[in-house]
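Biologist: I should like to learn how to read a structural model, one feature at a time. Would you take me through an example?

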Amino acid sequence: MNRHVKDKLVFWLFLAPALISFLVVVVIPFFMGLYYSMTDWTAVADLKANWVGLENYKAMFSSIPFQYSFIRTFLFTLLSVLSINFIALTFAFLVTREIKFKNFYRAGFFIPNLIGGLVLGYIWQFIFKSVVPAIGSLFGINFLEELLLLADPNLTLFGLILAFTWQYAGYIMMIYVAALLNVPQELLEASEIDGANFWQKLWNITVPMIAQAFTITSFLTLVNSFKQYDIIVALTSGGPTTIFKGQTVNSTELLAVHIYNVAFKYNNMAEGQARAIVFFLVLSVVSIGQVYYTKKREVEM
Amino acid sequence: MGNKKKITKIILTVVTVTLFLFTLFPFFIVLINSAKSSLEIISDPIAFPDKWSQLFVNIKEIWTSPSIRYASSVYTSAIITILSLITISIFSAMAAWVLVRKKSKMSTFVFLLFISGLIIPFQVVMFPLVALFRMINEAIGLPMLRTFHGMIFAYIGFGAPLAVFMFHGFIKSIPLELEEAALIDGCSKTQIFFLIVMPILKPIFVTISILNAIWIWNDFLLPSLILGIGQEIQTIPLAIAAFAGSFVKKWDLIMTAVLMAAFPIIVGFILGQKHIIKGMVSGSIK
């Protein structure tokens, strides 16, 4: 065997295990999915899938539950991104100041991130259903006592946002902490001598210095909010129902849950797949747009 | 001035402690309610339990529950997580190494293919993946669904893009001279990789393993499709879903189950805190 052939062999042998699993698990299913989304595929082994063109996509755009889910997902994503980043920044500012035991607090804020979405969904279901009313009656606060967050279609989404913020803010905090520790202290001290107040220091020095972290944190929170599934399944399983354009819809059935339900609950695999493709396209456009925009801001600052 | 600084410090501490207690409040709720009977939990979910010994009664109930099968589920989760971590890391490092060291159009193409996997959400591939796994079984008689190897194989496929990307970035910074010297000394390519390159990659191994461990241990949707809920092989999240789904109102036992599910990972975190936080942050920045 000459050296050239041997080098080629080594190249492919080293590549094979990772590449084959990646091809089988991601690449091939991706193209299968593109094809299936234009057929009447049922996932039943013996039934052959027939070509239907763009029928599944047409059905999707005229589907009221889909439109509703789409709007709710955007609302959830927007509010989650704001809430998680606001809390995470607050945490990060506190644990980088001169206080005692800050590493201990940091670890405490981070710990909910280790709890999986499914498990924490059940914890928060119990809190919203039993603990909140109990606290209301203990302190005689009628509002809390009668607050049935998970039964009110206008409020349930906020319950989800709260649970998700609880899980994710500690992780995002860590990224902000790393960025804040890189802000040169001399710069802050110099501006203090020049008479800058807290807000001026924050806006003119700290924020521009951590701009790069904003790109990462907003990307992570955006993508993970948009794809949220586990917490919803355990906390609300999509409910409660409400009325949208004269049709009954599930108020917290966000896109990831919606796709799953269309395919399995309503037994419409091909339509579920078409929605998954659109889900992918929208997520790509939104996240690439966000990275492009924040990167541009980074430079301007 | 000194006084003002002191007051600021006190205010900051008070705010931090308050937020800290709020963050830990759900854990407190889980803990006190794991030690209650079903009657107690309905009558008062925020009081301390009458007697803490009830905790052991509940733990025993979860331990012997036929739907949770705690010992077997922890074992399954541990096996799948550990084997996936090892295989993702080693296979991705091998792939990344040859992709960096061999400069050709093919290697650029394969690398870009891996990178494109980073932006594909799981939802797009999940239905066809299950169908493909079924087809593999029909075609060559190798069952992929409801098996350990099928589950781990899927994790390698989903874990490879990020791992290859991170190893690729790191290997680029390793000077080639080291490997060339070994080649002259008569080492084979395989020896060079396992004896010289792998030890240098250790920090990336740690980072990737931590990120993957938290993901795989807590993952729900993928195992629910590959392994199924309520089947022979079940991970901890699947066990919790099967249990909570069948006893919706038994909150005392659900809280105990949640406590026992969170226990291994919290212990792990306390043991390896420093590495975990560092690893997760450096992982996100790449």
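**Reading a two-chain model**

Modeller: Let us begin with domains. The domain assignment of chain B gives two parts: domain 1 covers 2-55 and domain 2 covers 65-246. Please keep in mind that this is a predicted model.

Biologist: How far apart do the C-alpha centres of domain 1 and domain 2 of chain B lie?

Modeller: The two centres are 38 Å apart.

Biologist: How many helices and how many strands does the secondary structure of chain B have?

Modeller: Chain B has 13 helices and zero strands. Its pattern along the sequence is therefore written with the helix symbol alone, since helices and strands are the elements that are numbered. Chain A, by comparison, has 13 helices and two strands.

Biologist: What does the radius of gyration tell a reader about chain B?

Modeller: One sets the value beside that of a compact globule with the given number of residues. For 286 residues such a globule would have a radius near 19 Å, but chain B has 24 Å. For chain A, a compact globule of 301 residues would also come near 19 Å, whereas chain A has 24 Å. The spans along the principal axes add to the picture: the C-alpha trace of chain B covers about 75 × 75 × 35 Å, and for chain A the spans are about 75 × 75 × 35 Å.

Biologist: What share of the residues of each chain is buried?

Modeller: Burial is judged by counting neighbours around a residue. In chain B, buried residues make up 40% of the 286 residues; in chain A, 42% of the 301 residues count as buried.

Biologist: What share of the contacts in each chain joins residues at least 24 apart?

Modeller: Here one considers contacts between residues at least 6 apart in sequence. In chain B, 73% of these join residues at least 24 apart. In chain A, the corresponding share is 72%.

Biologist: How many residues of chain B are in contact with chain A?

Modeller: An interface may be described by listing the residues on each side. Here 70 residues of chain B are in contact with 71 residues of chain A. Among the elements that give two or more residues to the side of chain B are helix 1, helix 4 and helix 13. Helix 13 of chain B provides the largest share, 15 residues. By residue type, this side of chain B divides into 55 nonpolar, ten polar and five charged residues.

Biologist: How may the length of a helix be checked, for example that of helix 10 of chain B?

Modeller: One compares an expected span with the distance between the end C-alpha atoms. Helix 10 of chain B, residues 202-218, has 17 residues, so at 1.5 Å a residue it should span 24 Å. Its end C-alpha atoms are 24 Å apart, which agrees.

Biologist: Is helix 10 of chain B mostly covered or mostly uncovered?

Modeller: Helix 10 of chain B is mostly covered, with 13 of its 17 residues buried. Helix 12 of chain A, residues 255-265, is also mostly covered: eight of its eleven residues are buried. Among those buried are A:Leu255, A:His258 and A:Tyr260.

Biologist: Which elements do the buried residues of helix 12 of chain A pack against?

Modeller: They pack against helix 3, helix 11 and helix 13 of chain A, together with helix 6 of chain B. Just after helix 12 of chain A, A:Asn267 takes a positive phi of about 55°.

Biologist: In what sense do strand 1 and strand 2 of chain A pair?

Modeller: Strand 1 (residues 241-244) and strand 2 (residues 247-250) of chain A pair in the antiparallel sense over four bridges. A:Thr241 stands opposite A:Asn250. The two strands form a hairpin with two residues between them. Before the hairpin, in the loop between helix 11 and strand 1 of chain A, lies A:Pro240. A cis peptide bond joins A:Gly239 to A:Pro240, with omega about -10°.

Biologist: Why does A:Lys245 count as exposed?

Modeller: A:Lys245 counts as exposed because it has 9 C-beta neighbours inside 10 Å, and the limit for exposed is 12 or fewer. This residue lies in the loop between strand 1 and strand 2 of chain A. Its phi is near 50°, a positive value in a residue other than glycine.

Biologist: Where is B:Arg146 placed?

Modeller: B:Arg146 is in the loop between helix 6 and helix 7 of chain B. Its phi is positive, about 60°, although it is not a glycine. B:Arg146 is partly exposed, with 15 other C-beta atoms within 10 Å.

How values were computed: Residues numbered from 1 in each chain as written. Chains lettered and ligands numbered in written order. Predicted model: local features only at pLDDT ≥ 70, side-chain atom pairs only at ≥ 80, totals over all residues. Expected span 1.5 Å × (residues − 1). Buried ≥ 20, exposed ≤ 12 C-beta atoms within 10 Å, placed from the backbone. Domains from an automatic or database assignment. Contact = placed C-beta atoms within 7 Å. Nonpolar A, V, L, I, M, F, W, Y, C, P; charged D, E, K, R; others polar. Rg over C-alpha atoms; globule rule 2.2 N^0.38 Å. Pairing = 2+ DSSP bridges.
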